[in-house]
Amino acid sequence: MSFYQILQMDPTMIYRLIQESKDIKSKRRFFVGMAVRSVLIVAFAILFIVVLCSFFGSENSALAVVLYCMLLSVRFVDFGYNVKESLVSLAVILVLLVGAPVVAMQCHWVLSFVIHACSFFLILLASANTPEMGNGSLFGFAYVFLCGNVVYGNSLIQRFYMAGVGFLLLGSVFYAKHKEKHESIRFVEHVRNVDLGVHKYQWMLRYALGLSVLLTIGSYFDIPRFMWAGFACSSLLADHKEEPRLKERFFDRLLGVLYGCCVFYVIYTVLPMEYHGLIGPMGGLCLGFCSQYKHKTLLNSLGALLVASSVYGVHQAIFLRVVGTFVGAVFALVFYWLFDVCFAYVEKKVA
């Protein structure tokens with residue numbers, strides 16, 4: 001196995017190879033590969049986001065982060081139909097990610113819910129034909145993140161320009177990697193195959209409705225940093241399995257955030273103020289060594305709290321993070337149960 005191939009693997013696969021290796025030299029090689037991979041990902045992320053923000057404004061850093069995450073994904077994950085129509089879908093997805101949150105924020109709460117639900121369901125339908133590949137959770141994160149970082153006026157125009165540049169970059173990579181796949185399959189075939197009796201489409205509908213309800217509630221009551229509740233909700237509803245491990249994921253999410261807040265508070269308090277800017281990148285580097293969800297949640301909290309603490313102060317930021325996560329996770333559990341009960345009732349009535 002080449003060193004380049006090691007760099008393409010995620011930590012879970014590398015840890016498995018380390019465990020299976022019988023000699024120390026191979027184990028060391030895999031570990032070095034994981035470390036180099038982590039450094040390269042963080043370095044490229046910083047460069048990518050800084051360059052885009054230098055052209056389109058720092059207020060659009062949220063979209064830069066989303067484009068970076070999409071770039072990591074499109075190299076490996078296609079949409080399940082021919083590349084030409086996939087590129088059209090990619091353009092539509094970017095327009096919805098940028099435009100739908102802005103339009104929804106200006107509307108009555110009922111219309112706002114409809115916009116969120118229709119937009120996100122369409123995004124899932126266009127991109128998550130194979131849920132196990134992770135596009136559902138990726139675009140769930142992207143939609144919530146951009147809903148929590150809405151811009152207007154010239155900043156919105158610049159955001160659309162950034163999305164256009166992002167489309168050219170993502171589209172080029174997508175075409176190069178997937179141009180020969182699913183040549184005879186069209187998007188309309190996916191639409192024709194939509195059947196709410198199939199678990200995959202029930203998952204899409206549940207995910208879209210649940211996230212939309214929560215986002216509408218947060219917008220209606222103007223709750224600060226409510227996107228953190230959205231992230232927690234999305235992380236649970238993104239589970240596409242027929243027998244999801246919701247309780248396990250609930251506690252992993254909550255414990256990860258609690259531990260993350262404690263670690264952040266200690267580092268923030270002990271570290272001199274001039275070095276606080278290193279907390280985010282260091283968390284990103286450590287993230288490259290994580291294979292478990294709760295550990296990833298812990299490390300993701302560091303950068304998020306650093307940004308929020310500059311706005312709300314460290315104590316208020318931690319409070320919002322914990323409460324938002326708890327509310328979003330509990331809401332996801334309740335909504336999941338309500339959806340299944342209501343869906344079973346409707347199915348029984350129709351039958």
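Which way does the crossing of α2 and α3 go, left-handed or right-handed? In this predicted model, the crossing turns out to be left-handed. Helix α2 covers residues 11-20 and helix α3 covers residues 24-56, and their axes come within 8 Å of each other, crossing at roughly 165°. An angle over 145 degrees counts as roughly antiparallel, so α2 and α3 get that label. On the α2 side, the residues that take part are P11, I14, Y15, L17, I18 and Q19, and they meet K27, F30, F31, M34 and R37 of α3. Some of these names come back when the nonpolar cores are listed: L17, I18, F30 and M34 are included in a second, separate core of seven residues.

The largest nonpolar core is made up of 94 residues. Which residues have the most contacts inside this core? They are M70, L97 and F120. Take M70 as an example: once its neighbours within four places in sequence are set aside, M70 is in contact with L90, L94, L97, L138, F139 and L170. So L97, itself one of the residues with the most contacts in the core, is also a partner of M70, a link that rests on heavy atoms within 4.5 Å.

Next up is S89, a residue of helix α5, which runs over residues 83-105. Is S89 buried or exposed? Its relative accessible area is 9%, and because the cut-off for buried is under 20%, S89 counts as buried. The side chain of S89 still has a polar partner, making a polar contact with the side chain of Y81 at 2.7 Å. Leaving out neighbours within four places in sequence, S89 is in contact with F79, Y81 and A126.

F79 shows up again in the surroundings of F174, a residue found in helix α8 (residues 153-178). F174 is buried too, with a relative accessible area of just 1%. With neighbours within four places in sequence put aside, the contacts of F174 are V74, V77, D78, F79, V83, S86, L87 and K179. For a sense of distance, F174 and A45 sit 129 residues apart in sequence, and their C-alpha atoms are 19 Å apart in space.

Further along the chain, another pair of helices packs together. Helix α11 (residues 227-237) and helix α12 (residues 246-270) pack at an angle of about 150°, and their axes are 9 Å apart. That angle makes α11 roughly antiparallel to α12. Here the crossing is right-handed. F231, A232, S235 and L236 from α11 meet L246, R249, F250 and R253 from α12.

F231 of helix α11 deserves its own look. With 12% relative accessibility, F231 counts as buried. Not counting residues up to four places away in sequence, F231 touches F141, V144, F145 and R253. The C-alpha atoms of F231 and L211 are separated by 9.2 Å, and these two residues are 20 places apart along the chain.

Last comes the loop between α10 (199-220) and α11, home to D222. R225 lies in this loop as well. What is the phi of D222? It is near 50°, a positive value in a residue other than glycine. R225 also has a positive phi, about 55°, although R225 is not a glycine. As background, most residues other than glycine have a negative phi. D222 is exposed, with a relative accessible area of 66%.

Methods. Residues are numbered from 1 along each chain as its sequence is written. This is a predicted model: local features need pLDDT of at least 70, side-chain atom pairs count only at pLDDT 80 or more; totals for chains, interfaces and linings use all residues. Side-chain values use heavy atoms; hydrogens and water are left out. A nonpolar core is a set of buried Ala, Val, Leu, Ile, Met, Phe, Trp, Tyr and Cys residues joined through side-chain atoms within 4.5 Å. Buried means under 20% relative accessible area, exposed over 50%, partly exposed in between (1.4 Å probe, protein chains only). Helices (H or I, at least four residues) and strands (E, at least two) are DSSP runs, numbered from the N terminus. A polar contact is a pair of N or O atoms within 3.5 Å; within protein, one must be able to donate a hydrogen and the other to accept it, and residues adjacent in sequence count only if both atoms are side-chain atoms. Axes are lines fitted to C-alpha atoms, for helices over the stretch in contact, and angles run from 0 to 180 degrees between N-to-C directions. Angles under 35 degrees count as roughly parallel, over 145 as roughly antiparallel, 65 to 115 as roughly perpendicular and the rest as oblique. A crossing is left-handed if the near helix is turned anticlockwise from the far one by less than a right angle, and right-handed if clockwise.
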